[in-house]
Amino acid sequence: MKVPFNDLNRHHEVLIDDIQRVVTETLIRCDFIRGSAIQDFEIEFSKSMGLGETIACANGTDAILIALKALDIGVGDEVLVPAQTWISTGAMVSMAGAKPVFVDIEPTFSVIDPQKIEQHITPNTKAIIPVHLYGNPCDMDAIMQIANNHKLKVIEDCAQAHGTMYKNRPVGTFGEIATFSFYPGKNLGALGDAGAVCSADHDLALRLRRLANHGGLFKGEHLYPGLNSRMDTIQAKVLSLKLPLLKSYISKRQKIALTYINQIKNQKISVPKICHFGEQSWHLFVLQTNFRDNLQAYLADNGIECVVNYKTALPFLPAFSNGTYPSRSYPVAFEQQNRVLSIPNFPEMTELELSYVIDKVNSF
Ligand SMILES: *Cc1c(COP(=O)(O)O)cnc(C)c1O
C-alpha cells in the first residue's frame with residue numbers, strides 16, 4: 001500500500017467542474033487582476049473566520065512583510081520570532097531591515113514559549129510574531145499581556161492555522177494584524193500562491209491594502225512605496241469555492257488526529273497532546289522520537305510518505321547570523337528539529353490508509 005503525505009488530486013476531484021467553470025469565467029472576463037471576486041473572497045473570509053478586514057495578497061510570506069511595513073518596523077528595530085517556524089517568519093523581519101530575535105519554543109505544542117519572551121525584550125523591541133505552528137494555538141493571553149506591558153505590536157502568523165481556536169476565539173483576532181497563506185497544501189489552499197493580511201483596525205487595514213498594491217487603493221494613487229502583492233482573480237474564485245468546505249476539512253483532520261492519538265502505542269514514539277485551552281486544526285500531525293530518521297526510512301520502505309517540519313530551527317540556519325547561535329541557547333527547538341516527523345493527515349485520507357499507517361508506526 002502507498003500512502004501519500006497529502007493528495008491534492010483527491011482534494012480537487014469533487015471541485016473540478018466548478019474550478020473549470022471559474023477559470024473559463026475569468027478567461028472570458030479577462031479580469032485576471034483585481035477582479036470583483038477578490039473583494040467577494042475578502043468579505044467571505046473575514047466573515048467565516050471572525051476576522052476584521054481581510055486584504056488579499058500574493059502569498060503568506062509577503063503578508064508578513066506587508067504587516068511589518070504597515071507597523072513601520074525597519075532598521076534598528078527588533079522583532080521576537082519563535083525559534084522553530086517556517087523560514088518566512090524570520091526572513092521577512094530581515095527583509096524589512098529589522099533584526100529577528102529568536103525565542104525558544106515550549107515543548108508540548110512547539111509554539112513560542114511565553115515564559116521565555118521577556119528575557120529577549122530590549123528598548124529596540126517593537127513586535128512579537130507568534131506562529132500558530134502545526135495548527136496549535138499559541139498562549140495568546142500570556143502573549144498579549146506581555147505585549148501590552150511592553151507596548152509591543154503583535155502579528156499572528158496564521159499560515160498553518162486557518163480554523164484554529166484559542167479559548168473559543170479564532171486565532172488571528174488577538175494581535176494588531178494576522179497573516180495567512182493559501183499555499184496549495186495549507187488547510188485552505190489555492191491552485192498556486194496566495195495569501196492574506198487581516199486587521200480589525202480600519203486605518204491599519206487601509207495601510208496594509210496600499211502596501212500590497214504599489215502604495216495606493218486605485219490606479220494613480222501612490223502614497224508610499226509598496227509591493228505588487230496581489231491575489232489573482234482565479235485564486236480568489238477557487239478559494240471562495242473551498243471556503244464553505246473548510247470546516248469539514250478541519251473536522252476530518254481532527255478526526256484523523258484523534259484516531260492517531262488513541263491508537264498509536266509505541267514506546268519509542270510520542271504523539272502530540274490535545275490542547276485543552278483551544279482547538280487544534282491539525283495542519284500537521286507531528287510525531288516525536290529519538291529514532292526519527294530510522295522511523296522515516298521504515299515508513300518510506302512501507303510506502304508511507306512523511307515530512308520533517310522543519311529540519312533546522314531558524315537560529316541555526318545560515319540565513320541568520322550565519323547560523324552561529326549555539327544550540328544551548330534554543331534547547332527545545334534544537335531537540336525537536338532532530339525528533340519531529342509529520343505523518344500523513346489530510347482530509348481525504350481513507351480509513352484503510354489510516355489504519356495502515358497506525359499499524360506501521362506501531363510495528364516500528
Ligand atoms: C506557509 C507558511 C508561511 C508562508 O506562506 P507562503 O504562502 O508559502 O509564502 C509563513 N509562515 C508559516 C508558519 C508557514 O507555514
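What is the volume of the largest pocket? It comes to about 640 Å³. Keep in mind that you're looking at a predicted model. Let's start with the whole protein, then look at its empty spaces, and finish with three residues worth finding in the viewer.

**The whole protein**

- The protein has twelve helices and 13 strands. Its radius of gyration is 20 Å, close to the 21 Å that the globule rule gives for 364 residues, so the protein is as compact as a globular protein of that length.
- If you follow the C-alpha trace along its principal axes, the protein spans about 65 × 55 × 35 Å.
- Out of 364 residues, 58% count as buried.
- Take the contacts with a separation of 6 or more: 69% of them come from residues 24 or more positions apart.
- The accessible surface adds up to about 15,800 Å², and carbon and sulfur atoms own 53% of that.

**The largest pocket**

- Rolling a probe the size of a water molecule over the atoms shows where empty space is left.
- The largest pocket, at about 640 Å³, is lined by 33 residues, and the closest to its centre are Gln160, Tyr183, Lys186, His283 and Tyr310.
- Two helices, α4 (60-70) and α5 (87-95), each supply at least two residues of this lining. Helix α4 gives the most, with three residues.
- Sorted by character, the pocket lining has 15 nonpolar, 14 polar and four charged residues.

**The cavity**

- How many cavities of 30 Å³ or more does the structure hold? There's one, and the space in the largest cavity is about 70 Å³.
- Among the residues lining the largest cavity are Asn6, Leu8 and His11, along with Pro184, Gly185, Lys186 and Asn187. Others on the list include Lys242, Arg253, Pro347 and Glu348.
- The cavity lining splits into three nonpolar, five polar and four charged residues.
- Lys186 turns up twice here: it is one of the residues closest to the centre of the largest pocket, and it also lines the largest cavity.

**Ala67, in helix α4**

- Ala67 belongs to helix α4, the helix that gives the most to the lining of the largest pocket.
- Is Ala67 buried or exposed? With a relative accessible area of 0%, Ala67 is buried.
- Setting aside neighbours within four places in sequence, Ala67 is in contact with Ile155, Ile177, Thr179, Val197 and Leu208.
- Ala67 and Ala205 sit 138 residues apart in sequence, while their C-alpha atoms are 9.6 Å apart in space.

**Ile38, in helix α3**

- You'll find Ile38 in helix α3, which runs over residues 36-49.
- Ile38 has 11% relative accessibility, so it counts as buried.
- Beyond its neighbours within four places in sequence, Ile38 is in contact with Ala56, Met231, Asp232, Thr233 and Ala236.
- From Ile38 to Ala196 there are 158 residues in sequence, but 11 Å in space from C-alpha to C-alpha.

**Gln235, in helix α8**

- Gln235 has its place in helix α8, residues 233-242.
- Gln235 counts as buried because its relative accessibility is 9%.
- Apart from neighbours within four places in sequence, Gln235 is in contact with a run of residues: Ala190, Leu191, Gly192, Asp193 and Ala194.
- Gln235 and Phe41 are 194 residues apart in sequence, yet 9.6 Å apart in space, C-alpha to C-alpha.

Definitions and conventions:
Residues are numbered from 1 along each chain as its sequence is written. This is a predicted model: local features need pLDDT of at least 70, side-chain atom pairs count only at pLDDT 80 or more; totals for chains, interfaces and linings use all residues. Side-chain values use heavy atoms; hydrogens and water are left out. On a 1 Å grid over the protein atoms alone, a cavity is a set of points where a 1.4 Å probe fits but cannot get out, and a pocket is an open set with protein on both sides within 12 Å along at least five of seven lines; lining residues have an atom within 4 Å of a point. Grid points are joined across faces, edges and corners, and a volume is the space filled by probe spheres set on the points. Ala, Val, Leu, Ile, Met, Phe, Trp, Tyr, Cys and Pro count as nonpolar, Asp, Glu, Lys and Arg as charged, and the others, Gly among them, as polar. Helices (H or I, at least four residues) and strands (E, at least two) are DSSP runs, numbered from the N terminus. The radius of gyration is taken over C-alpha atoms; the globule rule is 2.2 Å times the number of residues to the power 0.38. Buried means under 20% relative accessible area, exposed over 50%, partly exposed in between (1.4 Å probe, protein chains only). Contact means heavy atoms within 4.5 Å. Accessible areas come from the Shrake-Rupley method with a 1.4 Å probe; for residues, only the protein chains shown count as cover.
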